[in-house]
Amino acid sequence: MSSSESRRTAPVRIQASHEAVRIQIFDGSLQCVADAYHRLDTELPVGLYELQMRAGSVLRQRMISVRPGEGFAAGPGGLDMPLLSAVPLHGTASGTPLHIE
């Protein structure tokens, strides 16, 4: 890969389903390159990254690919992060269809 290719950046846009969700992106050296709550909108060099989403004690991790011309985008429906709740509310990990009715 030429040095001009390694410097290319692409947009990364991620939105979680709740304001309390922390979104972090780590590079191949395990350095945090982006950090936000609820919504992350940044530019990153093309490549592979680890995406971490945390809400309380719940942690979701996945690898993402930031591609030239495409970047990476995910909305609340694409990265489900059900929150834990003492009350079985709709959209929480403890909510069930019976509670919704």
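This note goes through a predicted model, taking its nonpolar core, one strand pair and two loop residues in turn.

1. The core. The largest nonpolar core of the model holds 20 residues, and those with the most contacts inside it are V12, I14, I23, I25, L40, L51 and F72. At least two residues of this core come from each of strand 1 (9-15), strand 2 (22-26), strand 3 (32-37), strand 4 (39-45), strand 5 (47-55), strand 6 (58-66) and strand 7 (72-74). Strand 5 gives the most, supplying 4 residues to this core.

2. V12 and its partners. If residues up to four places away in sequence are left out of the count, V12 touches I25, L40, D41, T42, L44, V66 and F72. It may help to find V12 in the structure and then look for these partners one by one, since V12, I25, L40 and F72 are among the residues with the most contacts inside the core.

3. Strands 5 and 6. These two strands pair in the antiparallel sense, over 9 bridges, and within the pair Y49 stands opposite I64 in strand 6. The hairpin that they form has 2 residues between the strands, and in this hairpin G56 takes a positive phi near 65 degrees.

4. Positive phi outside glycine. Most residues other than glycine have a negative phi, and two residues of this model deserve a second look on that account. Phi of L30 is near 60 degrees, a positive value in a residue other than glycine, while phi of H38 is near 70 degrees and is likewise positive in a residue that is not glycine.

5. Where L30 sits. L30 is found in the loop between strand 2 and strand 3. Is L30 buried or exposed? Its relative accessibility is 65%, and because the cut-off for exposed is over 50%, L30 counts as exposed.

6. Where H38 sits. H38 lies in the loop between strand 3 and strand 4. With a relative accessible area of 14%, H38 is buried, because buried means under 20%. Which residues does H38 touch, not counting residues up to four places away in sequence? They are I14, Q15, A16, H18, E19, V21 and I23, and of these I14 and I23 are also among the residues with the most contacts inside the nonpolar core. In addition, the side chain of H38 reaches the backbone oxygen of H18 at 3.2 Å.

Notes
Residues are numbered from 1 along each chain as its sequence is written. This is a predicted model: local features need pLDDT of at least 70, side-chain atom pairs count only at pLDDT 80 or more; totals for chains, interfaces and linings use all residues. Side-chain values use heavy atoms; hydrogens and water are left out. A nonpolar core is a set of buried Ala, Val, Leu, Ile, Met, Phe, Trp, Tyr and Cys residues joined through side-chain atoms within 4.5 Å. Buried means under 20% relative accessible area, exposed over 50%, partly exposed in between (1.4 Å probe, protein chains only). Contact means heavy atoms within 4.5 Å. Two strands pair if DSSP finds at least two bridges between them. A polar contact is a pair of N or O atoms within 3.5 Å; within protein, one must be able to donate a hydrogen and the other to accept it, and residues adjacent in sequence count only if both atoms are side-chain atoms.
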